[in-house]
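These notes are meant to be read beside the coordinates, point by point. They take up some backbone features, the domains, the contact between chains and the core.

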Amino acid sequence: MAYTRAHALLFLAPLLLIVLVMYGMMAWTVAVSLDDWVGMAPVWKFHGLENFRTLLGGALRERLFTSLRNNLIWLVVFIAPTTALGLFLAYGLDLVGRAERVLRPLFLYPIALSFVVSGTLWAWMYDPDAGVINNLFRMLGLGRWAQPWIADPHLATFCLVGAAVWQYTGFAMTLYLAAIRDMPREIFEAARVDGATDVQTFRHVVIPNVGHATMIVVAMLILVTLKVFDLVWVMTFGGPGISTEVLPFFMFVATFRQQFVGIGAAVSVLILILAVAVVVPYAWWSMRRLAA
Amino acid sequence: MIRRPRITQWLVIMLAAVMTAAPVLYAADQQQLVIYHWWTAGGERQAMQVIFDAFTKKNPSTKIVDNPVAGGGGITLKTVLLGMLAAKIPPDTFQSLSGAELKQYVDGDYVASVDDVWRAQKLDANYPAVIGKMTTFKGQHYGIPMNAHRANWLFYNTKLFNELKLAPPTTVDEMIAAAKRIKSSKPNVAPIAIGTREKWPAVFLFDVTLLSTGGPDVYEKFYTGQLNVKTAPEVRAALQKFKDLIPYLYQFHGAKTWSDIAGPMAEGQMGMMVIGDFAAGLLVQAGYKEGVDWDAAGFPKKPQEVFLMIVDTFVRPTGAKHPEATTAWLTNLTDPKVQGEFNIVKGSIAIHKAVPDTTYPDKLHQEASRTFKSKRIVPSSIHGVLAPPAFLSDWQDILTRFLYSPDINRALDEISSAMELDKVSDSSGWYWAK
């Protein structure tokens, strides 16, 4: 049976539908962000950029910038350790031989957990009284290292990042492992013949050859930091005060708890702008580097 | 191409036809009641079953299509409903809280008047007047309440209070004095238990502080935006007193939920805590005995003891598909027998005046029922019963921040700005309507 253009369209239809719905929703969100919609029922009262003015210069300025600052903390503190640990583990797994079969699922397991589950677990571990972290410090005679963790407004965001690093390292590791396995074995053999140690091989052979994996890992993790929500919701509910709020959390609270639907839509437009502003230049830059 | 046997084709077609038609036929054949609510936790689920059983007994031909949505105070349910109502596919009834929360649905034209049920069941006579006020908007009733929780309880550890010869405090000043005693004689005990990881328990503690320093009139005015927050001495005084409490709070409150700290309070690692009557159910379930491990007292007693109330309510959505079932459901809720049996399991109290105080097996709920009938009832601020929900969300942020950095002037600025943004005064007109 010959495949015709009609077949192609038929098979593409679901995809087209998804794309249409997605862009339709985005356009709808932008439209809502320009309206004065407060309350449960839709209010189509156009008031231009007023919502953005309230967010950037008005009553919600402090809240917006707290969320923005926290998203930036996520961006800076979360990506580097997750990527580095992932690469390190991937190379380690490549070296350990048969034990890999046991170890790989072990490191991958966290990513299979729901964030609600891992968030609850980590909140227990961070518990200043009964939590395993402080108690471990106390057992080792390092009681002065014990911290209030998520109960400390200055530390709480970093605690959330810690939980996320634990959860996402396996993801980075998988992509790196695939990249390392993709490399021709001759390179490793050549390095060994030249007398390179494992550390030297890692530094001079592995790292220069996994650039494309890094690009994917970092781009995905950037998106993770921009849409982080569940861990914040479960572990701190944005608290203490609003100290751990991030943009998606702010968006949800404004839209559904406070029913400032216009404001909530404006926050999601800001998230979209941020995502495009961060990811597109990054992808462009790393693609050019890879091509070079 | 292989030709499929004809019989298979027919089977497939018939199966498809039956599957499409079945729901339609089924719905036409049987009356339904599609209900959405947030009673999903242990005791709540069983309590709901009590109402379902009573309803089915009276309406045997109506099938209940139950849609429980977990999430305390209905925050998740509201998200679900928002979509359904906007899409004009309302259920036959859903749960709300009376007051500002209910007003949101009224403002969206999503609920219809229940005046017929209200009049037929003589609720003006059978329910306290304040309940009528909290369900009345634009001159009509829009919800049928069925149970009340009391928010102003002070739970305390009985053994600890006996050992230190402490009487249950009646004002916040006495609470601070008791906390001081506990702190000096038992340095390892946190005098005041509180868990603010979910934020809202901070509002419970502030509410009793405001009632103690300002009394119920100030309380009602504050939460409906009738006070000029920046200049009113009452708000400053309440915040000052709230600040005085901070040194006696369990220090890691930001890492705990209210249910995390109820146990340690009953065990004697913490002294006392301000929370709603729902904590009693949790304590009893965990095996702690009222009068032995813990006790509770209405708080504050001065300048005036009030019943700070949260009311669960069901509504009649506009355009509900099975209007008779909705009416039957709402009517069933007003039955004193149903209210009594439901509330024993739910851990709240009935609001129908015909339900005797002795209905409840425990001391706490008997006292709650007595107070409900004899003392002034004040709508609680929590979950948007008195104050609009938008403000409540900002308010718990302001209060939890204050607990970590108690700057009164900054807090007053924050409250004033939130009240303006959330239009607290404008949207609270219903409470003061005559």
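1. A residue is called exposed here if 12 or fewer other C-beta atoms lie within 10 Å of its own, and buried if there are 20 or more. In this predicted model, Lys122(B) has 10 other C-beta atoms within 10 Å and is therefore exposed. Its phi is positive, near 50°, although the residue is not glycine, and Lys122(B) is placed in the loop between helix H5 (115-120) and helix H6 (123-126) of chain B.

2. Lys138(B) also deserves a look, since its phi is near 50°, a positive value in a residue other than glycine. The loop that holds Lys138(B) runs between strand E4 (136-137) and strand E5 (140-141) of chain B, and with 11 C-beta neighbours inside 10 Å the residue counts as exposed. As background, most residues other than glycine have a negative phi, and most peptide bonds are trans.

3. Two cis peptide bonds should be checked by eye. One joins Gly239(A) and Pro240(A), with omega about -5°, and Pro240(A) lies in the loop between helix H11 (230-235) and helix H12 (247-257) of chain A. The other runs from Phe299(B) to Pro300(B), with omega near -10°; Pro300(B) is in the loop between strand E10 (294-298) and strand E11 (306-314) of chain B.

4. The domain assignment of chain B gives domain 1 (10-147 + 311-359) and domain 2 (153-308 + 380-432), whose centres, taken over C-alpha atoms, are 31 Å apart. Each domain brings 13 residues to their contact. On the domain 1 side, helix H4 (residues 100-107) of chain B provides the largest share, four residues, and by class that side has four nonpolar, seven polar and two charged residues.

5. Between the chains, 26 residues of chain A are in contact with 29 residues of chain B. The chain A side of this contact consists of 17 nonpolar, six polar and three charged residues.

6. The largest nonpolar core holds 196 residues, and those that touch the most other members are Tyr176(A), Phe155(B), Ile192(B), Ala193(B) and Met273(B). Helix H7 (residues 156-182) of chain A gives the largest share of this core, 15 residues. Domain 1 and domain 2 of chain B both give residues to the core, so it lies between them. Leaving aside residues up to four places away in sequence, Ile192(B) touches Ala179(B), Leu245(B), Tyr248(B), Leu249(B), Tyr250(B), Gly271(B), Met272(B) and Met273(B).

Conventions
Residues are numbered from 1 along each chain as its sequence is written. Chains are lettered from A and ligands numbered from 1 in the order in which they are written. This is a predicted model: local features need pLDDT of at least 70, side-chain atom pairs count only at pLDDT 80 or more; totals for chains, interfaces and linings use all residues. A nonpolar core is a set of buried Ala, Val, Leu, Ile, Met, Phe, Trp, Tyr and Cys residues joined through C-beta atoms within 7 Å. Helices (H or I, at least four residues) and strands (E, at least two) are DSSP runs, numbered from the N terminus. Domain bounds come from an automatic or database domain assignment. Two residues are in contact if their C-beta atoms, placed from the backbone, lie within 7 Å. Ala, Val, Leu, Ile, Met, Phe, Trp, Tyr, Cys and Pro count as nonpolar, Asp, Glu, Lys and Arg as charged, and the others, Gly among them, as polar.
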